[in-house]
Amino acid sequence: MSSLVPGIERALSDKSSTSNLKIEALVFTRLVMASNPPVVFHPHIQALTNPVLAAVNERYYKVTSEALRVCGELVKAIRPELVQSPSFNFIPYVQPIYSTILKRLTAQDQDQEVKECAITCMGLIISLLGDQLKRELGVCLPLLLDRLRNEITRLTTVKAFATIAESPLKIDLSCILGQAVLELTTFLRKANRALRLASLGTLNALLIAYGDKIGSSSYESIIIELSSLISDADLHMTALALELCCTMMKDKRHHSYAGVVVKERVLPQALVLVKSPLLQGQALQTLQGFFTALVQSASTSFDILLDALLSTARGSSSGGGPASKQAFHSVAQCAAVLCLAAPDAKCSSIVSMLINSVENSLGQDATQLLSLLCLGEIGRRKDLHSHINLEGVIIRSFQSPSEEIKSAASYALGNIAVGNLSKYLTFILSQIDNQSKLQYLLLHSLKEVIARQSTDDAGKVDFKGTDVQKILALLFTHCQSEEEGIRNVVAECLGKLAILEPGKLVPALKERTLSSSAFTRATVVIAIKYTIVDRPQPIDMHIKPCIDSFLMLIRDEDRHVRRAAVSALSTAAHNKAVLVKDLLPALLPLLYDQTVIKQKELIRTVDLGPFKHTVDDGLELRKGAFECVDTLLDNCLDQIDPSSFIDPYLLSGLSDHYDVKMPCHLILSKLAEKCPSAVLAVVDTLVEPLERTVTTKMKPDAVKQEVDRNEDMIRSALRAIESLNRISGDASSRFKAFMNNVVKSGPLAERYNAVRHESDAVVTGDIMDMS
C-alpha cells in the first residue's frame, strides 16, 4: 500500500487527471479496501481521506458516485471493531466524512446513482460511527425518512435502515422509528417485489433491535400485511414473512398479543402452505420455527395446533383430492419440531399415540403414512429407545400392500436409527441378513442412516470404526445381488459412505473394479457416481488420481458395467468436469462406440409362439451415451472434435429409436449454436434422417401414448431443424429445398411456425436477462 497510495493520490488530486482516470483509481481503491484487512490501510487513512472526499464533491456524477462507494469502504476501515478502545483513532475523521456525505444527501439536483450512493454511505456512517454523532442524528435521520417516502429512493433507503438497525451500537432512532415502521409496513403491499423483500428484512432487523419501543398497534398492522404474503407463489418471500412473525412472537413484551393476532391472521395461511407440494428448503425450515414460536407464545394450545397440523394432511387426502407426498413430509417435519418443543412427558405420549396409530390404522393409509413419517422425524432428533418394540411395529408395516406405506416405514426406521445408532443400526444390519424378502426396504433404511451425515443439527451421525466395517462387509456382499434395485441402493450407500470415509472406501471400491463379478464392477462404478457432488468435498482428492480405473470400464465386456461407466462419466462431467477433462482423449472414442447399434451382440428376437418380439438390450446404453455427450458439450466443449462425432455417430443416432433421437436432436441444436461450421459441413447428410422423422405417420390403430410420443419427437426434430435454419443461409441447396418443400409447406408448416415463435421468445428472453 505504501507504493500504491501516492499513485492514487496523484490520480485523484492532479488537475490534469481525466475523469476516467479518477474513476479507475476510485474503483481500484474500493476493490483493494474491500479485499484486504482494515489494518493494512490505517497508516494511509489520512492520505486517502482528503482526495476521496474531494472527489465526492466533483461535478461529474460517475466520479461522485464511485467516490461515495469508496467512502463506505473508508468508514468500514477506520472502525472495523465497534469497541470502546479501538486500536486506531478514528474520531478525527468522523466529522469530515459525515459533513461531506450530508451535503450530498441534502442536495436535490443530482443524478439518481449519486443519491443512492449517498444514502447507502450515510447508512454505513450511522451504523458504524453513530455513537460519535448523537447531536447530528436529529438532522440526518429525518433526511433518511424523507428519502424513504420518495418513490425513487425508497428501496435504497430501506436497505440503509436495515444496516442501521443491525448495528451493535444500538443507534437511537426514537425520532423516526414509529414513522419508519409505518412506511415499511405500507411497502409490504406494493407491487415491487424487491421492495417487499427488503422491507421484510428491515422490519425484522428493527423489531429485533427496537421491539420494546414499537407499539402493539404497529405489530398488528405488520401481521395483517404479512398474512397476504404467505403462499407457495413466492417461497423466498414466505420464508422472510414467517421469520418476521417468529421475531414478533419471541418479543417478550408483545409475544402474547402478537401470538393471538398471528393465530387469527397467519395460522390459516400457514396450514394451507404446509400442504403445498412446492414447499421446501428455507421456507419449510422457517415454517417449522413458526409453529414452535406460536406454541411458545402461549396463544395456541399445543394439542390444538398439533391436531390442526395432522388433520391438514389427513383431511386433504379424504377431501379435495389426495395430499402430495411432499405435503406429508412437510407436515411430519413441522409436527416433529412441535413435539420436541413440548415437555418430555408430552412428547413421549405423542410418540406412543403415533405408534398406536401405526398399529391400529389398517386400511387408513393417510393416517398410517403420516404417523410413520412423524415417528421418523421425531426419532431423527430424539432417542426413542424407551418405546419398547418400536422397531417391530415399523417392520410389520413393511408388509403393507401400499408401496407408500412401505417406503414411509423404511424412511422411519432409518431416521429412528439416527437417534440411537448403537441400538437400531445393529438391528437394521441383522435384519438385512435375516429378512431376504425385506432387503430392499431395509437397505433404504440403511441409506437414510448414512445420508444423515451431519447435514444439520437434527440427526448427527457419528459412526464408530466397527460400524463402518460391519456396513461395508454387508454392502459388498450384496453387490452381487441379481436384483438391480438392490444393487442400486447398495451403490448409493457405498457412495454416501465414501464421502464420510474416503480414505477407507475409495481404495476398497477401486479394488473391486477388478472383480470377476460384472454386478460388483457395475455397482462400484455407480457408487463412485454418488461421490461426485457439485460442491467441493475432501473425497475429491482421493477420487481424481484413480477415477480412470472406474471410467475405463466403459470398455468392459458386460453392458451393465459399460452403462454404469457412461452414467458416472456423465455425472462427473456435469458436477466436476475437472475430474475427467484430462481423460477425455482416451474416453471419447470409447463413449462414441456405445452410441452404435450393435445388431449381433445386443439385439435379440424372442419367440412368443404366435408372434416374435425384438428386444434391444443396447437401447438404454445408447441413450445414456448420447445424453453423456450432451453434458460434455456443455462443460467440456474444448475437448471435443465435433466433426468426428457428427459423422457417423450423431447421424446414426438421428435414425435410431425414439428414445435415442430425442437427445440427438438436443445435441444437434447445441452443435449448431456452438460449432456452426462443423454442422454446416455435413448439413446435406442431416436432411434425410430429419425428414424421415418429421414425416413419420402413425398406424391407424396406434394408441394415444404412441401418438403423443410421435408428436413429441416431431416437435423435438423441428426445434433442431430451426437451429440449423438459423445458421444455414444459402450454404446448402438440399437443406433449403427441404425447408421450402417439407417444413414450411403442408401439414408441418403450422407446427414449425409454433416452434420458431417459441425459439424467438427464448432468445428474446435471454437477451433481456443479459441486459
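Contact here means heavy atoms within 4.5 Å. With that in hand, let's explore this predicted model through a few exercises.

**Exercise 1. Find out what covers the buried residues of helix 3.**

Solution. Start with the helix itself: helix 3 runs over residues 45-56, which makes 12 residues. From its first C-alpha to its last it reaches 16 Å, close to the 16 Å expected at 1.5 Å a residue. Next, pick out its buried residues: Ile45, Leu48, Thr49, Pro51, Val52, Leu53, Ala55 and Val56. Finally, look at what lies over them. The cover includes helix 1 (5-13), helix 2 (19-34), helix 4 (61-78) and helix 5 (91-106).

**Exercise 2. Get an overview of the whole protein.**

Solution. Begin with the secondary structure, which comes to 40 helices and 2 strands. Then take the extent: along its principal axes, the C-alpha trace spans about 100 × 75 × 55 Å. Now turn to burial: 53% of the 771 residues count as buried. Last, consider the contacts between residues at least 6 apart in sequence; 72% of these join residues at least 24 apart.

**Exercise 3. Describe the largest nonpolar core and the residues with the most contacts inside it.**

Solution. The largest nonpolar core has 266 residues. Helix 6 (residues 112-129) gives the most to this core, namely 11 residues. The residues with the most contacts inside the core are Phe290, Phe291 and Leu446. Take leucine 446 and set aside residues up to four places away in sequence: leucine 446 then touches Leu425, Ile428, Leu429, Ile432, Ile471, Leu474, Leu475 and Cys493.

**Exercise 4. Classify two aromatic pairs by their geometry.**

Solution. A pair of aromatic rings is described by the distance of the centres and the angle of the planes. A search of the whole structure finds 7 aromatic pairs. In one of them, phenylalanine 290 and phenylalanine 291 have ring centres 5.6 Å apart and planes at 65°. Planes over 60 degrees apart count as edge-to-face, so this pair is edge-to-face. Both phenylalanine 290 and phenylalanine 291 are buried.

Now try tyrosine 592 and phenylalanine 645. Their ring centres are 5.1 Å apart and their planes stand at 40°, so the pair is tilted. Tyrosine 592 lies in helix 31 (residues 584-593) and phenylalanine 645 in helix 34 (residues 642-653), so the pair ties together parts that are 53 residues apart in sequence. Check burial too, where the cut-off is under 20% relative accessible area. Tyrosine 592, at 5%, counts as buried, and phenylalanine 645, at 2%, counts as buried as well. To finish, place the pair in its setting: Tyr592, Phe626, Phe645 and Tyr649 form one aromatic cluster.

**Exercise 5. Find the charged ends that sit over the rings of phenylalanine 519 and tyrosine 530.**

Solution. Over the ring of phenylalanine 519 sits the charged end of arginine 487, 3.8 Å from the ring centre. For tyrosine 530 the partner is lysine 529, whose charged end is 5.4 Å from the ring centre.

**Exercise 6. Work out the surroundings of threonine 202.**

Solution. First locate the residue: threonine 202 is in helix 10 (residues 193-210). Its relative accessible area is 1%, so threonine 202 is buried. Then list its contacts, leaving aside neighbours within four places in sequence: Val158, Lys159, Phe161, Ala162 and Leu184. One polar link stands out for study here: the side chain of threonine 202 reaches the backbone oxygen of valine 158 at 2.8 Å.

**Exercise 7. Check the span of helix 21 and find the residue that caps its N-terminal end.**

Solution. Helix 21 covers residues 403-419, so at 1.5 Å a residue its 17 residues should span 24 Å. The end C-alpha atoms are 25 Å apart, which agrees. Of those 17 residues, 13 are buried, so helix 21 is mostly covered. The cap is serine 402, with a side-chain oxygen 3.3 Å from the backbone nitrogen of glutamate 404.

**Exercise 8. Decide whether aspartate 617 is buried or exposed, and find its partners.**

Solution. Aspartate 617 is in the loop between strand 2 (612-616) and helix 33 (619-635). At 19% relative accessibility, aspartate 617 counts as buried, because the cut-off is under 20%. Not counting residues up to four places away in sequence, aspartate 617 touches Arg559, Leu602 and Arg604. With arginine 604 there is a polar contact between side chains, at 2.6 Å.

How values were computed:
Residues numbered from 1 in each chain as written. Predicted model: local features only at pLDDT ≥ 70, side-chain atom pairs only at ≥ 80, totals over all residues. Heavy atoms only, no water. Helix = DSSP H or I, 4+ residues; strand = E, 2+ residues; numbered from the N terminus. Expected span 1.5 Å × (residues − 1). Buried < 20%, exposed > 50% of the residue type's maximum accessible area, 1.4 Å probe, protein only. Core = buried A, V, L, I, M, F, W, Y, C linked by side-chain atoms within 4.5 Å. Polar contact = N/O pair within 3.5 Å; in protein donor to acceptor, adjacent residues only side chain to side chain. Phe/Tyr/Trp six-rings, centres within 6.5 Å; stacked < 30°, edge-to-face > 60°. Lys NZ or Arg CZ within 6 Å of the ring centre and 35° of its normal.
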